[in-house]
Amino acid sequence: MGPAPTGEQLCGAIGEPEVMEPALEGTGKEGKKASSRKRTLAEPPAKGLLQPVKLSRAELYKEPTNEELNHLRETEILFHSSLLRLQVEELLKEVRLSEKKKDRIDAFLREVNQRVVRVPSVPETELTDQAWLPAGVRVPLHQVPYAVKGCFRFLPPAQVTVVGSYLLGTCIRPDINVDVALTMPREILQDKDGLNQRYFRKRALYLAHLAHHLAQDPLFGSVCFSYTNGCHLKPSLLLRPRGKDERLVTVRLHPCPPPDFFRPCRLLPTKNNVRSAWYRGQSPAGDGSPEPPTPHYNTWVLQDTALESHLQLLSTMLGSAQGLKDGVALLKVWLRQRELDKGQGGFTGFLVSMLVVFLVSTHKIHTTMSGYQVLRSVLQFLATTDLTVNGISLCLSSDPSLPALADFHQAFSVVFLDSSGRLNLCADVTASTYHQVQYEARLSMTLLDSRADDGFQLLLMTPKPMIRAFDHVLHLHPLSRLQAACHRLKLWPELQDNGGDYVSAALGPLTTLLEQGLGTRLKLLAHSRPPVPEWGISQDPPKHKDSGSLTLGLLLRPEGLTSVLELGPEADQPEAAKFRQFWGFRSELRRFQDGAIREAVVWEAASMSQKRLIPHQVVTHLLALHTDIPETCVHYVGGPLDALIQGLKQTSSTGEEALAVAVCCYDDLSRLLWGLEGLPLTVSAVQGAHPVLRYTEVFPPTPVRPASSFYEPLQERSSLLPRLDKPCPAYVEPMTVVCHLEGSGQWPQDAEAVQRVRAAFQLRLAELLTQQHGLQCRATATHTDVLKDGFVFRIRVAYQREPQILKEVQSPEGMISLRDTPASLHLERDTRQLPLLTSALHGLQQQHPAFSGVARLAKRWVRAQLLGEDFTDESLDLVAAALFLHPEPFTPPSSPQVGFLRFLYLVSTFDWKNNPLIVNLNNELTVEEQVEIRSGFLAARTQLPVMVIVTPQDRKHSVWTQDGPSAQILQQLVVLAAEALPMLEKQLMDPRGPGDIRTVFRPPLDIYDVLIRLSPRHIPRHRQAVDSPAASFCRGLLSQPGPSSLMPVLGYDPPQLYLMQLREAFGDLALFFYDQHGGEVIGVLWKPTSFQPQPFKASSTKGRMVMSRGGELVMVPNVEAILEDFAVLGEGLVQTVEARSERWTV
Amino acid sequence: ARRRKSAARGPEDCIPSPPGYAAIPIKFSEKQQASHYLYVRAHGVRQGTKSTWPQKRTLFVLNVPPYCTEESLSRLLSSCGLVQSVELQEKPDLAESPKESRSKFFHPKPVPGFQVAYVVFQKPSGVSAALALKGPLLVSTESHPVKSGIHKWISDYADSVPDPEALRVEVDTFMEAYDQKIAEEEAKAKEEEGVPDEEGWVKVTRRGRRPVLPRTEAASLRVLERERRKRARKELLNFYAWQHRESKMEHLAQLRKKFEEDKQRIELLRAQRKFRPY
């Protein structure tokens, strides 16, 4: 009998040796090749595990060569450390194009060139007469208004030049774009083509004709249109080779005007080139008001004229310096990981290259610098320079005819002029995009300065998608609402300038509005950039609203979130009117305690979770008031996950308040303990040691008020007992409090005797608390349960020398030495480390109000996946704490949602095998100590648990993960997290609403061999289930304090008792999985190893039977009897035992 | 399917059992279909090994299911002869478990799993009768129900509610005995003080408020450490030319070691494809 080895994840993993496989097991060719090359130097790591390096003395102390010394010196000067240098080199190798591929691309480019110049010409027609266009192709431009003067004819390009990063060698994989500029012959263009989109219409027609002819060529795998930099007036033609190279390269064709065709002075940002009369189809206003300038339109025309000069500039500056090119490549990776370079108005790789050129020309970067130094310098520059206020220019000439920087600041939000002094390279970049870049640069600089060990990983290898980077996210959907918003905001000149692109036109005013409204609650507001569409040549170009939705990300300031008040100016001040106008009907006059009468806005929020969602109220109010975007179009994603940690009956709070009440009660109790009179020794410390007391209990306790009719009273011990004929009573978990007593010579020096003395103290404590404070108490040998205000505390008396007494071993010579024993370690953990951890995390909660929510959501999820028993509470709390203490490359989460997503990311990507998770509580560990911990970890890896979490109090042993999880269970968690993360992110980023958010919390049940279904009647926490039942049983609680003051039923949870029995009886045959929060099913997984027939052994007959197999007597598990035992042991609790017989063969 | 057939054949057929053992089917109650098997054997040990269990009268039982208590086992086997005692243990153990009654306050009973039992009969005939037992034995019957599931948990909970008075009495008696023991030891030590042993050595102990350095490992390590530091202070560093040279070489060796380590790390990351940025 044994499980069929079908490819179940968990089933298959159980039998494997105790080594965890990395989440991304790669057997790449490159890796193999490289490792075989270097085998002589370093032993290849066995099974993906880092081994401590062993070098022979001769090798360590041999005479250094000149070359080696140079290399070491270079590393020291140019890079941060040798590891960083190697990492950077590896990364560059990964993103750079290989020579072989370059050759293939060059060949393709030559083909393209030949074909483009051979496209036949067409005779001249009116621009509006497009009948000559063949049927299979549509003009890639919205021709609104359609009527425009001028003629068009097609002639093959006068010149075909490759421009952009491909020539410079700074383009990075995976998507290689080669930009090709096609210079249109002068005959096509006429005077005044710069006016009223005429140039753009001709450009589009030019491409349409080209597309039609190239599409028929078998050389191309796909021919489609896209926009240049997302600018919808400037289509470009994308060509991809046919066959296996289709994904290798995309050639983009950009038509451009012949040099010196446009007069630059006509295209200054103050000039108008789109006439209102033409654009709006009405005669110019009679009052003779000047035409509004069209800076963006002008820039787009100018961009086409400057393609070649930019290339020349870049190649002269970057041409020979490999370090600079490396730097640009690194910067591109940096931008891409932060999703800053994509979409319309992104901070593109071209901009970064120009920025590097600027820094070289201002001598901030030297050409001999390494890629890492270039990256650092550029980030430093970005972090400290605000281009929205102080623009920069590459132009060196002091020609008085050139416009001033101030003119550009007037027209654009971000200013970075090119060498001509007329073209703003950052014209499309919005202020919030730039601020986001700046913010990221600042974060990265602090990360680099902190000398963190894995800085490279965090800086360049960790993606920062919007949903994981921002606390709250909101989607505006459908986008067509923004058109109305533009009209409401009176943005007609901007629309005219943007050629009708209402999304771009509205973006700036919209973000400014929200930034102003959110004020102190906001750290950063970012918006998604509309993606650049691609479409087939036979289709019409996509409309502005087709880009789906506009997503805004809010990074919140936790300290600003606590206030429900928006304080305005005093009523008689002139600013009051402005304030009233801004906030509309929400603004009201209020009299404050200091006697001032002010304008103010008050938001409704009672609980912490509601206060966190005030930005939602602000956003919907302001959008409805100022831009006519109704609430139904604003999909605010800030709290959908809150539902999972909300209490049973309150839907308004996520439990922070209830936890605070319990903590408050504990504070009272500790004061009582301190002041207790009559104890033989005084109390030296009272410390909490329960998840409630560090705000991480998933469901906070509620005061217990038992209904006496529901219980069997046991008057002589003043306790209540559960009754057989009633459903299981409510689950009450006592909160552990450790109470240290002062040391004294009177304590005995013998472990057994200390136990008895402690028991005497427990009894005395109960007596005194009852006498002096009238509290209901119950003492046992190890603890005293105290009922206070409906909360039950479990006080454990501790004597600080007891672990030491347990450790003492006397050697034969009479020398006393200390050796760790299981009992001493256990005691030390419970009475010393646990209280320390609890107080440290309690402190963390005061610093970061979102910690509680994140830790509880994380714990909830792990438990909902039925894995809660394998991970201690403390280990999960510490993982959650790591998200706050080491948030890089993010900032500490301010909402449970983003914290939970990062928890999933951390769990799914962390390499537990080779790294300890260092949680630097209270910042006690220095950088040197952390390095020491890491090297100690590597040396002792095999003796340590699979999951190692290091804290300042626990630097070596990882006490909270000592007893589990096993490698297989951890691997299962990693797999589940890796599946849950993209699913949840997709749900949250769906502009139509997240749908059923509980999907990722439902465990997969098909992997289990046996399912034991439990009766809800005896599950005390049935209502806490992920899918909360519509109806459950009465648990014997009153809503008002009742007359009964007997001790309620404590810690009575039949499923847990049942599981304990099951694990004891069948622990070596099977694993049991259960969700303690109201799970109705226990999953059982047979262990394949114990299903191998074994020879008879007296010590391992547990639950097995002897069978003759092939003439030999072997032992196999007695599965049928065991399945019936499941029902017997859980009589009354178990509903059915479902064996999935196909999983194990008889 | 073969399993089912063998069960259906009933206890008349010979149930496979390991050599030297007899198999007795055992079920919780009549309702159950399949049964577990007790593997029983007369308790015997090799020559020379000591065992506290009486030879010949003791039955050694393997694979006792978790719901089977000492009382029910005694009742089930009483048909073979008068049972003197039943002892359930987690593992086979030759020595009788310590007979002293362990305090139920300080050593609560563990949750039972599958156990082994030593059943001592009054007469040796009981053992042979038990070896021939056919079964199936029923642990829980109408006349002698055994609690399981909810029933058991509720009664366990009721039992676990402590009686403070009993606890107090137990603690007091223990501490009295302990104090007495300590006092006796002290008296004995005092008596021995100054009295030479057979080789003529005299043990001297200092008593008083300020004890001498305790004889512990930690204390001796502390002393050694202090010595080492004292010596280190006297040493000159980077004074002689050879010291200079050596420290430079040491630095270089450190760098080399670090470089090797880093290379190994990179190797590993590359194998895991950790350099694919996206």
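**A:Q776 sits across from A:L787 of β24(A).** The whole thing is a predicted model, where local features need pLDDT of at least 70 and side-chain atom pairs count only at pLDDT 80 or more, while totals for chains, interfaces and linings use all residues. For bookkeeping, residues are numbered from 1 along each chain as its sequence is written, chains are lettered from A and ligands numbered from 1 in the order in which they are written, and side-chain values use heavy atoms, with hydrogens and water left out. Strand names here, like helix names, come from DSSP runs numbered from the N terminus (helices are H or I, at least four residues; strands are E, at least two). Strand β23 (residues 776-779) of chain A runs antiparallel to β24(A), with four bridges between them; two strands are said to pair if DSSP finds at least two bridges between them. Four residues separate β23(A) and β24(A) in their hairpin.

**On to β25(A), the other antiparallel partner in this close-up: β24(A) is joined to it by five bridges.** β25(A) covers residues 791-799 of chain A, and its A:V792 is the bridge partner of A:L787. Just two residues lie between the strands of the β24(A)-β25(A) hairpin, where A:D789 takes a positive phi near 50°.

**How many of the five residues of strand β24 (residues 784-788) of chain A are buried?** Five of the five are, so the strand is largely enclosed by the rest of the structure. "Buried" means under 20% relative accessible area, "exposed" over 50%, and "partly exposed" in between (1.4 Å probe, protein chains only). In a regular strand, side chains alternate between the two faces of the sheet. Here both faces are covered: A:T784, A:V786 and A:K788 are buried on one side, A:D785 and A:L787 on the other.

**Helix α21 of chain A bends by about 30° at A:G508.** That bend is the angle between two fitted axes, one for the seven residues ending at the residue and one for the seven starting there. A proline, A:P509, follows within four residues. Even so, the 17 residues of α21(A) (502-518) reach 24 Å from first C-alpha to last, close to the 24 Å expected at 1.5 Å a residue; the expected span is 1.5 Å times one less than the number of residues. Buried residues of this helix include A:Y502, A:L507, A:L510, A:L514 and A:L518. At the N-terminal end, A:D501 acts as a cap, with a side-chain oxygen 3.2 Å from the backbone nitrogen of A:V503. Just past the helix, A:G519 adopts a positive phi of about 45°.

**Helix α5 (residues 82-95) of chain A is mostly covered, with twelve of its 14 residues buried.** Charged-looking letters turn up in that list too: among the buried residues are A:R85, A:E90 and A:E94, along with A:L83, A:L84 and A:L91. From first C-alpha to last, α5(A) reaches 20 Å, close to the 20 Å expected.

**Strand β12 (residues 522-527) of chain A has five of its six residues buried.** Its antiparallel pairing with strand β14 (residues 550-556) of chain A runs over five bridges. Within that pairing, A:L524 stands opposite A:L555.

**Here are two threonines of chain A, A:T183 in strand β5 (residues 176-183) and A:T909 in helix α31 (residues 896-909).** A:T183 is buried at a relative accessible area of 6%. Leaving out residues up to four places away in sequence, A:T183 touches A:P157, A:A158, A:Q159, A:C256, A:P257, A:P258 and A:P259; a contact means heavy atoms within 4.5 Å. A:T909 counts as partly exposed, at 38% relative accessibility. A polar atom of the A:T909 side chain lies 2.7 Å from the backbone oxygen of A:Y905. A:V975, 66 residues from A:T909 in sequence, is 9.8 Å away, C-alpha to C-alpha.

**Over in chain B, six strands make an open sheet of mixed pairing, ordered β4-β5-β3-β2-β1-β6.** β4 (83-89) and β6 (137-138) stand at the edges with a single partner strand each, so one side of each is left without a neighbour in the sheet. β4(B) runs antiparallel to strand β5 (residues 115-121) of chain B, joined by six bridges. Across that pair, B:S85 faces B:V120.

Notes:
A polar contact is a pair of N or O atoms within 3.5 Å; within protein, one must be able to donate a hydrogen and the other to accept it, and residues adjacent in sequence count only if both atoms are side-chain atoms.
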